[in-house]
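The exercises below are to be worked through with the sequence and the coordinates at hand. Each has a task sentence and then a solution in steps.

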Amino acid sequence: MVSGFALHEIICDPQGKPCDYRFLEVNPAFEKMTGLRREEILGKTVHEVFPGTDERLIRIYGDVALSGNPAHFEEYTAALKKHFEVLAYSPKQGQFAVSFTDITEKEEVKERLEKIIRIESALRRIEEKILAGADFQEALEIACDAVVEMGYRMCWVGLAEPDHSVRPVAVRGFEEGYLEKFRFRWDESPHGNFPAGIAIRTGKTYVCPDILTDPL
């Protein structure tokens, strides 16, 4: 099979509620898609293999195994960082089998397209307001509003002043005194060695993928 395949038995608590499941068999495509080796997982439960498994998923598979009703859905597996299209059915009372395909690339393309659509929508709003006669300050505030509505937690605009300070002129979203707490500059002083200062000084986009770990 090109699709990943796995056979499991459902495990229930004393009240008969599905609480776990055990791996009985997997195929080579399963190993390839998940990076898990057959001999290392057969006989183990999903909580042993994937400790953070969503209980909702166990309930879905439990219903399939106990009722015999199949299920077809898409699922993101955080432990593997992959999206799968899943078909689950019961070949025997108390057991369920899953056949799945990796749709991660398709989902990533979909997410990128949705983001582009949101960006284009925001740009149209800004353009419409400017053409309608919005002044510079109002245009900046509209831009910040549009970015926050796209899903970002906070957006601010700073202007580079001749004395190398950066003056915040518009902000929206979760700010919580951030702009008042720090002195922003765009020279090579310690206060200028942060993303916005570097972007202004070099004229290049600065992307910080993780603000908790980036030393700047």
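**Exercise 1: Salt bridges of strand E3**

Lys 106 is partly exposed, since its relative accessible area is 47%, where buried means under 20% relative accessible area, exposed over 50% and partly exposed in between, with a 1.4 Å probe and protein chains only. The model is a predicted one, in which local features need pLDDT of at least 70 and side-chain atom pairs count only at pLDDT 80 or more, while totals for chains, interfaces and linings use all residues. Residues are numbered from 1 along each chain as its sequence is written, and side-chain values use heavy atoms, with hydrogens and water left out.

Task: find the salt-bridge partners of Glu 74 and Glu 75, and state where each pair lies in the chain.

Solution. Begin with the criterion: a salt bridge is a side-chain nitrogen of Lys or Arg within 4 Å of a carboxyl oxygen of Asp or Glu. By this criterion the side chain of Glu 74 meets that of Lys 106, with an N to O distance of 4.0 Å. Because Glu 74 belongs to strand E3 and Lys 106 to helix H5, this pair ties together parts that are 32 residues apart in sequence; helices (H or I, at least four residues) and strands (E, at least two) are DSSP runs, numbered from the N terminus. Glu 74 is partly exposed, with a relative accessible area of 45%.

Next, Glu 75 forms a salt bridge with Arg 56, and the closest N and O atoms are 2.9 Å apart. This pair links distant parts of the chain, Glu 75 being in strand E3 and Arg 56 in helix H4 (residues 55–67), 19 residues apart. Glu 75 counts as buried at 12% relative accessibility, whereas Arg 56, at 34%, is partly exposed.

**Exercise 2: The hairpin of E3 and E4**

Task: describe how strand E3 is joined to strand E4, and find the residue with a positive phi in their hairpin.

Solution. Two strands pair if DSSP finds at least two bridges between them. Strand E3 (residues 71–77) and strand E4 (residues 82–89) run antiparallel and are joined by seven bridges. Thr 77 stands opposite Lys 82 in E4. Four residues lie between the strands of this hairpin, and Lys 81 takes a positive phi near 55 degrees. As background, most residues other than glycine have a negative phi.

**Exercise 3: His 164 and Glu 188**

Task: place His 164 and Glu 188 in their loops, and give the separation of their C-alpha atoms.

Solution. His 164 is in the loop between strand E6 (154–160) and strand E7 (166–173). Its phi is near 75 degrees, a positive value in a residue other than glycine, and at 32% relative accessibility His 164 counts as partly exposed. Glu 188, in turn, lies in the loop between helix H7 (178–181) and helix H8 (195–202), and its relative accessibility of 71% makes it exposed. Although 24 residues apart along the chain, the two have C-alpha atoms separated by 9.4 Å.

**Exercise 4: Another positive phi**

Task: locate Glu 176 and decide whether it is buried or exposed.

Solution. Glu 176 is placed in the loop between E7 and H7. Its phi, near 50 degrees, is a positive value in a residue other than glycine. With a relative accessible area of 61%, Glu 176 is exposed.
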